[in-house]
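Hi,

Here is the structure I promised to pass on to you. Have a look at it first, and then read on for my notes on what turned up.

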Amino acid sequence: PLEISKLQVLHPALSVSIKKSIVKPGESGKMRVTEIKKNITEEHNDLQLLLITNDPKHPKVLIDVKH
C-alpha cells in the first residue's frame, strides 16, 4: 500500500485535505485542493504541493496546481 506520510502546501493561496493517508493497490484516493484568491499575486502564481510517500522510486512528488 502507498502511505502518504506528509503533504506540504508550498504557497499560502492553497488549502489541501485528503481523506485517506493509506491507499491500497487498485484503489484511488481523493485530494481536495482549495485556492484562496486573495493570497495570489501576479508574480507568485506558481502553486505547488509536496507529497512525501513510502514509494521507493518516487518518495517525493511535486504537484503543480493550475488555476
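**Starting at Thr53**

The side chain of Thr53 reaches the backbone nitrogen of Asp55 at 3.2 Å. Before you read too much into that, please keep in mind that this is a predicted model.

Where does Thr53 sit? You'll find Thr53 in strand β5, which covers residues 47–53. Thr53 has a relative accessible area of 11%, and buried means under 20%, so Thr53 counts as buried. If you skip residues up to four places away in sequence, Thr53 touches Leu2, Glu3, Ile4, Ser5, His58 and Pro59.

**The chain as a whole**

Let me step back for a moment. How many helices and strands are there in the chain? The count is zero helices and six strands, and reading from the N terminus the order is β-β-β-β-β-β. The C-alpha trace spans about 40 × 20 × 15 Å along its principal axes.

The chain has 67 residues, and 18% of them count as buried. About 5300 Å² of the chain is exposed, with carbon and sulfur atoms supplying 52% of that area. Take the contacts with a separation of 6 or more: residues 24 or more positions apart account for 42% of them. As for charges, the chain has 11 positive and 8 negative ones, and their mean positions are 9 Å apart.

**Back to the partners of Thr53**

One of the residues that Thr53 touches is Ile4. Ile4 has its place in strand β1. Is Ile4 buried or exposed? Its relative accessibility is 13%, so Ile4 counts as buried. Leaving out neighbours within four places in sequence, Ile4 is in contact with Ile18, Lys20, Ser21, Leu51, Ile52 and Thr53. For a sense of distance, the C-alpha atoms of Ile4 and Val16 are separated by 13 Å, with their positions twelve residues apart along the chain.

Ser21, which is on that contact list of Ile4, lies in the loop between β2 and β3 (22–23). Ser21 is partly exposed, at a relative accessible area of 38%. Which residues does Ser21 touch, not counting those up to four places away in sequence? They are Leu2, Glu3 and Ile4. The C-alpha atoms of Ser21 and Leu2 are separated by 8.2 Å, and these two residues are 19 residues apart along the chain.

**His11 and the nonpolar core**

Another spot to click on is His11, in the loop between β1 (2–9) and β2 (14–18). His11 is buried, with a relative accessible area of 10%. A polar atom of the His11 side chain lies 3.0 Å from the backbone nitrogen of Ala13.

Ala13 also belongs to the largest nonpolar core, together with Leu14, Ile40, Leu47, Leu49 and Val65, which makes six residues. What does Leu49 touch once residues up to four places away in sequence are set aside? The list includes two other members of that core, Leu14 and Val65. Also touched by Leu49 are Gln8, Val9, Leu10, Val16, Met31, Val33, Val61, Leu62 and Ile63.

That's what I have for you. Have fun looking around!

Cheers

How values were computed. Residues numbered from 1 in each chain as written. Predicted model: local features only at pLDDT ≥ 70, side-chain atom pairs only at ≥ 80, totals over all residues. Heavy atoms only, no water. Helix = DSSP H or I, 4+ residues; strand = E, 2+ residues; numbered from the N terminus. Buried < 20%, exposed > 50% of the residue type's maximum accessible area, 1.4 Å probe, protein only. Polar contact = N/O pair within 3.5 Å; in protein donor to acceptor, adjacent residues only side chain to side chain. Contact = heavy atoms within 4.5 Å. Areas by Shrake-Rupley, 256 points an atom, 1.4 Å probe, with all protein chains shown as cover. Lys, Arg positive; Asp, Glu negative; His and termini not counted. Charge placed at Lys NZ, Arg CZ, Asp CG, Glu CD. Core = buried A, V, L, I, M, F, W, Y, C linked by side-chain atoms within 4.5 Å.
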